[in-house]
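I opened this model to look up how its parts pack together. My notes follow in the order I made them.

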Amino acid sequence: MRYAITKTFAAAWLVVLVLGSIAPASEVEGAYVFGDFILHAFGYFGLTILLVLAQRAPKILLTAILSAVIGLALEGAQGLTADRTPSAMDALANSLGALAGAGFCWGKSWIDSGRPPWDRSPITS
């Protein structure tokens, strides 16, 4: 049941990202309260975490790469809209957010393992 709920949240988060990326610029202007870069990074940080949590045997790096590719694809799709333009800074923010989400997941798995900080053996959960 946990995975079904998390998959639903991940799908909803992705729908929000897709709609926010291809919506007309006049409809998303109010979303830039914290700045465009932060908004993009947070969006893909959350997407990566939700996608990792939705997996029974998480592949954290692969999930981060998938999130970054989704971000790059959505930035490219903005070029197909009438009033939006793709931005390299937005694509960078998407990728950095995805990597930060992966770092968070790796850190959480390390903390959950109960290993001392100096132990460099692979994590087996």
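Before starting, I fixed one term: a helix here is a DSSP run of at least four residues, and helices are numbered from the N terminus. With that settled, I found Thr48 in helix H3. I also noted that this is a predicted model.

**Entry 1. Overall layout**

I looked up the secondary structure and got five helices and zero strands. Along the sequence I read the pattern α-α-α-α-α. The C-alpha atoms fill a box of roughly 50 × 35 × 25 Å along the principal axes. Of the 125 residues in the protein, 32% are buried. I then checked the contacts with a separation of 6 or more, and 68% of them join residues 24 or more positions apart.

**Entry 2. Thr48**

Is Thr48 buried or exposed? I found a relative accessible area of 0%, and buried means under 20%, so Thr48 is buried. Leaving out residues up to four places away in sequence, I listed what Thr48 touches: Thr63, Ala64, Ser67, Ala98, Gly101 and Ala102. I looked up two of these by helix: Ala64 is among the H4 residues that meet H5, and Ala98 is among the H5 residues on the other side of that contact.

**Entry 3. Helix H1**

H1 covers residues 2–22, which is 21 residues. I compared its end-to-end C-alpha distance of 31 Å with the 30 Å expected at 1.5 Å a residue, and the two are close. Which residues of H1 are buried? I noted Tyr3, Thr6, Ala10, Leu17 and Ser21. Seen down the axis of H1, these buried residues fall within an arc of 65 degrees, so they line one face of the helix. A general point I kept beside this: an α-helix has 3.6 residues a turn, so residues three or four places apart point the same way. On the other side of H1, I found Thr8, Phe9, Val16 and Leu19 exposed. The buried residues of H1 pack against H3 (36–53) and H4 (60–78).

**Entry 4. Helix H3 and its contact with H1**

I checked the length of H3 next: its 18 residues should span 26 Å at 1.5 Å a residue, and its end C-alpha atoms are 26 Å apart, which agrees. The buried residues of H3 include His40, Gly43, Tyr44, Leu47, Thr48 and Val52. Among what covers the buried residues of H3 I recorded H1, H4 and H5.

How do the axes of H1 and H3 cross, and within what distance do they come? I got within 8 Å and a crossing of roughly 155 degrees. H1 and H3 are therefore roughly antiparallel to each other. I noted the crossing as left-handed. On the H1 side the contact includes Tyr3, Phe9, Ala10, Trp13 and Leu17, and on the H3 side it includes Phe42, Gly43, Leu47 and Leu50.

**Entry 5. H3 against H4**

The axes of H3 and H4 come within 9 Å and cross at roughly 140 degrees. That makes H3 oblique to H4. I recorded this crossing as right-handed. From H3 the contact includes His40, Tyr44, Leu47 and Thr48, and from H4 it includes Thr63, Ala64, Ser67 and Ile70.

**Entry 6. H4 against H5**

I repeated the look-up for H4 and H5: their axes come within 9 Å and cross at roughly 160 degrees. That makes H4 roughly antiparallel to H5. H4 passes H5 in a right-handed crossing. From H4 I listed Leu61, Ala64, Ala68 and Gly71 among the residues that meet H5, and from H5 Asn94, Ala98, Ala102 and Trp106 are among their partners.

**Entry 7. Helix H5 and Trp110**

The 26 residues of H5 should span 38 Å at 1.5 Å a residue; I found its end C-alpha atoms 37 Å apart, which agrees. Its buried residues include Asp90, Asn94, Gly101, Cys105 and Ser109. H3 and H4 are included in what covers them.

Where is Trp110? I located Trp110 in H5, residues 88–113. At 30% relative accessibility, Trp110 counts as partly exposed. As a last check I compared Trp110 with Val18: they are 92 residues apart in sequence, and their C-alpha atoms are 32 Å apart in space.

How values were computed: Residues are numbered from 1 along each chain as its sequence is written. This is a predicted model: local features need pLDDT of at least 70, side-chain atom pairs count only at pLDDT 80 or more; totals for chains, interfaces and linings use all residues. Side-chain values use heavy atoms; hydrogens and water are left out. The expected span of a helix is 1.5 Å times one less than its number of residues. Buried means under 20% relative accessible area, exposed over 50%, partly exposed in between (1.4 Å probe, protein chains only). The arc is that of the directions from the helix axis to the C-beta atoms. Contact means heavy atoms within 4.5 Å. Axes are lines fitted to C-alpha atoms, for helices over the stretch in contact, and angles run from 0 to 180 degrees between N-to-C directions. Angles under 35 degrees count as roughly parallel, over 145 as roughly antiparallel, 65 to 115 as roughly perpendicular and the rest as oblique. A crossing is left-handed if the near helix is turned anticlockwise from the far one by less than a right angle, and right-handed if clockwise.
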